[in-house]
Amino acid sequence: MTPEAPARKAPEEEDVPELCAIPNCGGEAIRHLTLTEARRAFPQLSEKGRRAPLCREHYKEWKKSTKEARKLDRLAW
Ligand SMILES: [Zn+2]
């Protein structure tokens, strides 16, 4: 009888760091936005998929620009 080989975990769904959705960034994603949300700040994003992972830097940028957009919205009203 041969000893059982240790079962290897298949890391298919876990532990795979997603990369930032911004072209040419390649940073590790720390937040997930819906694509619609992300495109408010980054209209250059492709419309493929539903989610847009963002790295720390781009998330900060996104927060900043959506905040400004909201302020502008209010002024426009
Ligand atoms: Zn990024």
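Mentor: A residue is buried if 20 or more other C-beta atoms lie within 10 Å of its own, exposed if 12 or fewer do, and partly exposed in between, with the C-beta atoms placed from the backbone. The model is predicted, so local features need pLDDT of at least 70 and side-chain atom pairs count only at pLDDT 80 or more, while totals for chains, interfaces and linings use all residues. Residues are numbered from 1 along each chain as its sequence is written.

Trainee: In what order do the elements of the chain run from the N terminus on?
Mentor: Helices (H or I, at least four residues) and strands (E, at least two) are DSSP runs, numbered from the N terminus. The chain has two helices and two strands. Read from the N terminus on, their order is β-α-β-α.

Trainee: Over how many bridges do E1 and E2 pair?
Mentor: Two strands pair if DSSP finds at least two bridges between them. In this pair, Arg31 stands opposite Leu54 in E2. The sense of the pairing is antiparallel, and the number of bridges is five.

Trainee: How many residues of E2 are buried?
Mentor: E2 spans 51-55. Cys55 lies in this strand, and Cys55 is buried because 20 other C-beta atoms lie within 10 Å. E2 is mostly covered, and of its five residues the number buried is four.

Trainee: What percentage of the residues in the chain is buried?
Mentor: The chain has 77 residues. Tyr59 in helix H2 counts as buried because it has 20 other C-beta atoms within 10 Å. For the chain, the buried part is 18%.

Trainee: Which element gives the most to the largest nonpolar core?
Mentor: A nonpolar core is a set of buried Ala, Val, Leu, Ile, Met, Phe, Trp, Tyr and Cys residues joined through C-beta atoms within 7 Å. The largest one has twelve residues, including Cys20, Leu33, Ala38, Leu54 and Trp62. E1, helix H1 (35-41), strand E2 and helix H2 (56-76) each supply at least two of them. With three residues, the element that gives the most is E2.

Trainee: Why would such residues be buried together?
Mentor: The rule is a general one, and it is a tendency. In soluble globular proteins, nonpolar side chains tend to be buried together.

Trainee: Which residues does Tyr59 touch, not counting those up to four places away in sequence?
Mentor: Two residues are in contact if their C-beta atoms, placed from the backbone, lie within 7 Å. The C-alpha atoms of Tyr59 and Arg31 are separated by 7.0 Å, although these residues are 28 apart along the chain. Under the contact rule, Tyr59 touches Ile30, Arg31 and Leu54.

Trainee: What distance separates the C-alpha atoms of Cys55 and Leu19?
Mentor: Leaving aside neighbours within four places in sequence, Cys55 is in contact with several residues, among them Cys20, Gly27 and Ala29. Cys55 and Leu19 are 36 residues apart along the chain, and their C-alpha atoms are separated by 7.2 Å.

Trainee: Is Pro23 buried or exposed?
Mentor: Pro23 is found in the segment before E1. Its C-alpha is 7.5 Å from that of Leu45, a residue 22 away in sequence. Pro23 has 10 other C-beta atoms within 10 Å, so it is exposed.

Trainee: What is the phi of Asn24?
Mentor: Asn24 is placed in the segment before strand E1 (29-34). Asn24 is exposed because 5 other C-beta atoms lie within 10 Å. Although Asn24 is not a glycine, its phi is positive, at about 65°.
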